[in-house]
Amino acid sequence: MGSLPDRRKVVVTGVGAVTPLGVGAETLHDRWVAGDVGISDGAGWCRGFDAKEFLSIKEVRRLDRFSQFALVASGEAVGQAGWDGEPPYDPLRVGCVMATGIGGQDTVETQLDVLRDRGAKMVSPLGIPQYMPNAATAAVTMKHGLQGQSYGVVSACASGAHAVGSALRMIQYGDADAVVCGGSEATLTKFAFASFTAMQALSPTGISRPFDARRDGFVMGEGSGVLVLEEAEAAAARGATVLAEIAGYGSTTDAHHLTAPEPTGGPASRAIELAIRDAGAQSADVDYINAHGTSTQLNDAAETAAIKLALGDHAKRIPVSSTKSTVGHLLGAAGAVEAVATVRTLLTGVIGPTLGYEVPDPELDLDYVPGEARPLIGGNGHPPLAISNSFAFGGHNVALAVRGAPR
Amino acid sequence: MSVTTEQVEGRVVETLASFGPDQSQITRAATFEELDIDSLDLVELAQVVEDEYGVVLKGEDMKELKTVGDAIDLIVERAE
C-alpha cells in the first residue's frame with residue numbers, strides 16, 4: 001500500500017461554526033485561546049443562538065435545531081470561501097457531506113408528544129424531513145445550490161471527522177471539485193440527558209477537564225462546524241485564499257465494545273498512522289494534536305496510549321490539547337468543529353489550551369497544554385502539520401491530518 | 001356545524017402566515033405557488049382545518065387547490 005500518485009490536492013477555503021462560545025469560527029478559536037469556557041449548567045448550550053437572525057421563517061419552521069446550526073455554519077463557511085450566492089464551479093461537481101450523531105432529536109420528542117396527546121392524525125408532515133439524519137445535508141445543498149454527490153454520515157462522536165474524510169476522498173478521486181462538509185448536533189434534550197446519564201457517560205460535576213486526574217465524564221454540547229474543501233488547482237485558478245490543506249485521513253474500528261474504547265489504543269493509533277502516511281509525512285513531522293479528549297476516564301487513557309503508539313518518542317515532544325475543554329462534547333459535530341478549530345490553530349499559529357487541566361494523571365504523560373494558549377512551533381521551514389482525532393461509541397476511529405497553508 | 005366564510009378566511013390566512021409568507025400577500029387571489037406554499041404546508045393546513053372545523057381534506061382535494069380563495073371556499077362548503 002501507499003499513497004496513489006494521481007490523487008488531487010484538497011484545500012480548505014472557508015470555515016464556519018456555531019458553538020457554545022457563539023456564532024463564528026474565529027469566535028470559537030479566539031475565545032478558546034482566551035481561556036473562555038462555553039459550558040454552564042452541565043452542558044455546552046448555544047444559548048445566544050437565535051435562528052431567526054440568520055434564517056427565513058420558512059427555514060426556521062422546517063428545520064430541526066441541528067439543521068439550523070448547520071445552515072448558519074455553512075453560510076459562514078461559503079461566505080469566507082468567497083462563494084457569492086452560488087458555487088464557483090459546475091453545481092453538479094460540488095458535493096455535500098454533513099454528519100450528525102443522532103439527528104433531529106428535539107423533533108422526535110416533540111412529535112412523540114403530539115402522537116400521545118393529540119393522536120396520529122396530528123403528527124406533523126414535517127416530522128420525518130426534520131429528524132432524518134440527512135436533513136442538515138439536504139438543507140445545506142438547497143441553500144447553496146449544491147448538486148453533486150451528497151449524503152449524511154453517522155458514526156456517533158466520529159461523524160464530523162468522517163464527513164471531512166469522505167469529502168476529502170470525493171475531491172481527491174475526482175468525483176467532485178468542491179465539497180461543503182461538516183457536522184451538527186442538537187441533542188440537549190431531557191431524553192438525551194437521561195440516556196447518556198444512564199450510561200454513566202456524562203460528568204456528574206458538569207466539568208470538562210480532559211486528561212486531568214479528576215476527569216469524571218464528558219459534558220454534552222451542541223452546535224455545528226462546516227468546512228469548504230476545494231481541489232487545490234481549481235481554488236488557485238479562481239484566486240481563492242487557502243486556509244489550510246486537508247492532507248490526510250485515516251480510519252479504523254475497534255471491534256471491541258459498543259461504548260468502551262479498545263484499551264491498548266491499537267486500532268486508534270493505526271488511524272493516526274494512516275492519516276500521517278496519507279499526508280505523505282512521518283510521525284516526526286506532526287507539530288500538534290487536537291485530541292478527541294472527552295474527559296472520560298477511558299477515552300483519555302486509550303487516546304494517550306494511541307498517540308504514543310503512533311508517534312513513539314515524538315509523542316512527548318508535541319502539544320496535545322482538547323477543544324472539548326472549552327465547548328464540551330458536540331457528539332456528531334465534534335470532529336468537524338475540532339477540524340475547524342485545527343484550521344484556525346494553523347492559521348493563527350496559536351494553540352488553545354486544555355482548560356481545567358490542573359491535576360496530572362500519573363498514567364497520562366503527554367504535554368496537554370495546561371493553563372494557557374501557546375504559540376504553535378514547528379514545521380522546520382515547512383508548513384506545520386496537525387492531527388485531529390475523533391473516536392466514537394461503536395469503536396469508530398478517525399484521524400485527519402491538516403497542514404498549514406504555505407506562507 | 002356552521003362557520004362563516006370570514007371565520008375560515010381569518011384562520012386560513014393566519015395559518016398560512018405562520019408558514020412564512022407576509023400576511024399582506026395572502027389574498028384570496030394569491031396562488032400557493034406565489035406564496036411558496038408547497039404540499040407539506042398544505043398537509044399542515046389540512047390538519048389545522050380538521051382540528052378546528054372537523055373538515056377532512058384529502059390529498060386529492062388539496063391537489064385541485066390553486067389559490068387561497070379555492071381553499072377557503074372548499075373548507076366552507078365541506079363545513080356546511
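# Burial, strand pairing and overall dimensions in a two-chain model

With 26 C-beta neighbours inside 10 Å, Gln68(A) counts as buried, since the threshold for that class is 20 or more other C-beta atoms within 10 Å. The structure discussed here is a predicted model.

## Two buried positions in helix α3

Gln68(A) lies in helix α3 of chain A, and Val72(A) is also found in this helix, which covers residues 65–80. Val72(A) is buried as well, with 27 other C-beta atoms within 10 Å. In an α-helix there are 3.6 residues a turn, so residues three or four places apart point the same way.

The partners of these two positions can be listed once neighbours within four places in sequence are set aside. For Gln68(A), the contacts are Ala51(A), Leu55(A), Val60(A) and Leu63(A). Val72(A), for its part, is in contact with Val18(A), Val23(A) and Phe54(A).

Two C-alpha separations complete the description of these residues. Val72(A) and Ile39(A) are 33 residues apart along the chain, and their C-alpha atoms are separated by 21 Å. Between Gln68(A) and Val114(A), which are 46 residues apart in sequence, the C-alpha to C-alpha distance is 22 Å.

Val114(A) falls within the residue range of helix α4 of chain A, residues 105–118. At 1.5 Å a residue, the 14 residues of α4(A) should span 20 Å, and the end C-alpha atoms are indeed 20 Å apart, so expectation and model agree. Just after α4(A), Gly119(A) takes a positive phi of about 100°.

## Strand β6 and its antiparallel partners

How many of the nine residues of strand β6 of chain A are buried? Nine of the nine residues, 223–231, are buried, so β6(A) is largely enclosed by the rest of the structure. Gly223(A), Gly225(A), Leu227(A), Leu229(A) and Glu231(A) point one way from the strand, while Ser224(A), Val226(A), Val228(A) and Glu230(A) point the other way, and all are buried. In a regular strand the side chains alternate between the two faces of the sheet.

Strand β1 of chain A, residues 10–19, pairs with β6(A) in the antiparallel sense. Within this pairing, Leu229(A) of β6(A) is the bridge partner of Val12(A). Strand β5 of chain A, residues 178–185, also runs antiparallel to β6(A), and Ala178(A) stands opposite Glu230(A).

## Strand β8 and its parallel partners

Strand β8 of chain A, residues 286–290, has five of its five residues buried, so this strand too is largely enclosed by the rest of the structure. Its pairing with strand β12, residues 385–391, is parallel, and Val286(A) has Leu385(A) as its bridge partner there. A second parallel pairing links β8(A) to strand β9, residues 320–321, in which Ile289(A) is matched with Val320(A). Together with helix α11, residues 297–311, β8(A) and β9(A) make a right-handed β-α-β unit.

The pairings of β6(A) and β8(A) described above are collected below.

| Strands | Sense | Bridges |
|---|---|---|
| β1(A) and β6(A) | antiparallel | eight bridges |
| β5(A) and β6(A) | antiparallel | eight bridges |
| β8(A) and β12(A) | parallel | four bridges |
| β8(A) and β9(A) | parallel | two bridges |

## The chains as wholes

Chain A has 13 helices and 13 strands. For its 407 residues, a compact globule would have a radius of gyration near 22 Å, and the value of 20 Å for chain A agrees with this. The C-alpha atoms of chain A fill a box of roughly 65 × 50 × 40 Å along the principal axes. Buried residues make up 59% of chain A. Among contacts between residues at least 6 apart in sequence, 82% join residues at least 24 apart.

Chain B has four helices and zero strands, following the pattern α-α-α-α along the sequence. The radius of gyration of chain B is 11 Å, close to the 12 Å that the globule rule gives for 80 residues, so chain B is as compact as a globular protein of that length. Its C-alpha trace spans about 30 × 25 × 20 Å along the principal axes. In chain B, 24% of the 80 residues are buried. Of the contacts in chain B with a separation of 6 or more, 59% are between residues 24 or more positions apart.

## Contact between the chains

Eight residues from chain A and eight residues from chain B take part in the contact. The side of chain B that touches chain A comprises three nonpolar, two polar and three charged residues.

Definitions and conventions. Residues numbered from 1 in each chain as written. Chains lettered and ligands numbered in written order. Predicted model: local features only at pLDDT ≥ 70, side-chain atom pairs only at ≥ 80, totals over all residues. Buried ≥ 20, exposed ≤ 12 C-beta atoms within 10 Å, placed from the backbone. Pairing = 2+ DSSP bridges. Right-handed = clockwise from strand over helix to strand, strands pointing away. Rg over C-alpha atoms; globule rule 2.2 N^0.38 Å. Contact = placed C-beta atoms within 7 Å. Nonpolar A, V, L, I, M, F, W, Y, C, P; charged D, E, K, R; others polar. Expected span 1.5 Å × (residues − 1).
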